[in-house]
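Q: Please take one part of the interior of this model and examine it closely, residue by residue. Then relate that part to the rest of the fold, setting out the cut-offs behind each term.

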Amino acid sequence: MTVYVDSLFVLNALINLILLLGSARMGGAPVCRGRIAAAAAFGGLYAVGCVAPGLEWLRGTAARLAVMAGMLLIAFGWRRGTVKLGALFLGLSAAFGGLMLAMLHVFGVSLTLLGGVAYYPVSGLALLLTAAAVYILTRTVFARLAEHTGGELVPITLRCGPKTVKLTALRDSGCTLKDPVTGRGVLVAEWQTARALLPPEAAAPLSAAQFSRPADLLPRLSSKAAGGRWRLIPYRAVGTAGGLLLAMQCDQMEVGKQTVSGALVAFSPTPLSDGGGYTALIGGRI
């Protein structure tokens, strides 16, 4: 059997990329595409090494686990959530393998083994389409299953330039607000949080009424306070068919012991808590 090294590398790297992105989406982890791409390439090199003469030891279980750990560390770094992301990556990989076996059965194609490593004798397009199907599942069904059931209060620290604001947020699995551009989760905070994060000249005239008209407020804040940080986020809620919230990108957000760079905070013109026990909502994807 002839194995083309370049095709083997590219195909495995692309599949790893999709599965790592899917794991990040499911686990609510910040997506650093450069790091994920580097991890996917590392996995592609491993696939090539498995068929290289003299490197048979790479096919062992210990080597496989070490390579997977390396991919996760490259993609997500050393933090508590990496273990959870590793479990999600394993689950998605198993789902991908199961779909491929089903495809092989449907088309009557047998699985090929080379040096103890399984190779799928189907076209690269078929493999990529199957991996894409797994990724779509992560953005729909699996992402819902992976969200936190919610209900507890968590401390939040927002940093924007020299300004730092501490909040108490309710973790709510029903809060699924996300940035339509990046797909990342968005923190929802009461409008007074914006006043605390902005310089005095921009914060002084702000009011709840202004935040209820976000499209009118956006140009003024963009010109007075960090123009590139502001955007409008569409949302839907009970009793509201659709609307917009004004959102600002912070330099950093700390959720408990987790740190998220470039997090988006959308500002609600109305109170989020009846009793004032919290002033923000955070979903399961952050």
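**V165 and its surroundings**

A: V165 counts as buried because its relative accessibility is 9%, where buried means under 20% relative accessible area, exposed over 50% and partly exposed in between, with a 1.4 Å probe and protein chains only. The model is a predicted one, in which local features need pLDDT of at least 70 and side-chain atom pairs count only at pLDDT 80 or more, whereas totals for chains, interfaces and linings use all residues. Residues are numbered from 1 along each chain as its sequence is written, and side-chain values use heavy atoms, with hydrogens and water left out.

V165 belongs to strand β4; here helices (H or I, at least four residues) and strands (E, at least two) are DSSP runs numbered from the N terminus. Apart from neighbours within four places in sequence, V165 is in contact with I156, T157, L158, T193, A196 and L197, contact meaning heavy atoms within 4.5 Å. One of these partners, L197, lies 32 residues away along the chain, and its C-alpha atom is 6.8 Å from that of V165.

Another partner of V165, T193, can be followed further. T193 sits in helix α7, which covers residues 192-197. A relative accessible area of 5% is why T193 is classed as buried. With neighbours within four places set aside, T193 is in contact with L158, V165, L167 and F267. L158 therefore appears among the contacts of V165 and among those of T193, given that contact is set at 4.5 Å between heavy atoms.

Strand β4 runs over residues 163-172 and also holds A169. A169 is buried because its relative accessible area is 0%. The C-alpha atoms of A169 and G277 are 8.6 Å apart, although 108 residues separate the two along the chain.

F267, a contact of T193, leads to strand β10, which spans residues 264-268 and contains A266. A266 is buried, as its relative accessible area is 0%. Not counting residues up to four places away in sequence, A266 touches L177, V186, L187, V188, A189, L245, L246 and A247. A266 and D179 are 87 residues apart along the chain, with 9.9 Å between their C-alpha atoms.

C160 is buried too, since its relative accessible area is 10%. The closest cysteine sulfur to that of C160 is in C250, at 5.2 Å, which is too far for a bond. A search of the whole structure finds 0 disulfides, a disulfide being a pair of cysteine sulfur atoms within 2.5 Å.

The helices earlier in the chain supply further buried positions. S23, in helix α1, is buried because its relative accessible area is 0%. Leaving aside neighbours within four places, S23 is in contact with L85, L88, F89 and L92. K84 is 61 residues from S23 in sequence and 9.2 Å from S23 in space, C-alpha to C-alpha.

Helix α1 (residues 5-27) packs with α3 at an angle of about 60 degrees, and their axes are 12 Å apart; the axes are lines fitted to C-alpha atoms, for helices over the stretch in contact, and angles run from 0 to 180 degrees between N-to-C directions. N16, L20 and A24 of α1 and M71, L72, A75 and F76 of α3 make this contact.

Helix α3 (residues 61-76) has 16 residues, so at 1.5 Å a residue it should span 22 Å, and its end C-alpha atoms are indeed 22 Å apart; the expected span is 1.5 Å times one less than the number of residues. Its buried residues are A63, V67, M68, G70, M71, L72, A75 and F76. G77 follows α3 and has a positive phi, near 80 degrees.

Helix α2 (residues 33-50) has 18 residues and reaches 26 Å from its first C-alpha to its last, close to the 26 Å expected at 1.5 Å a residue. Its buried residues include I36, Y46 and C50, and C50 counts as buried because its relative accessibility is 3%.

Over the whole protein, the secondary structure comes to 10 helices and 11 strands. Buried residues make up 42% of the 286 residues. Of the contacts between residues at least 6 apart in sequence, 61% join residues at least 24 apart.
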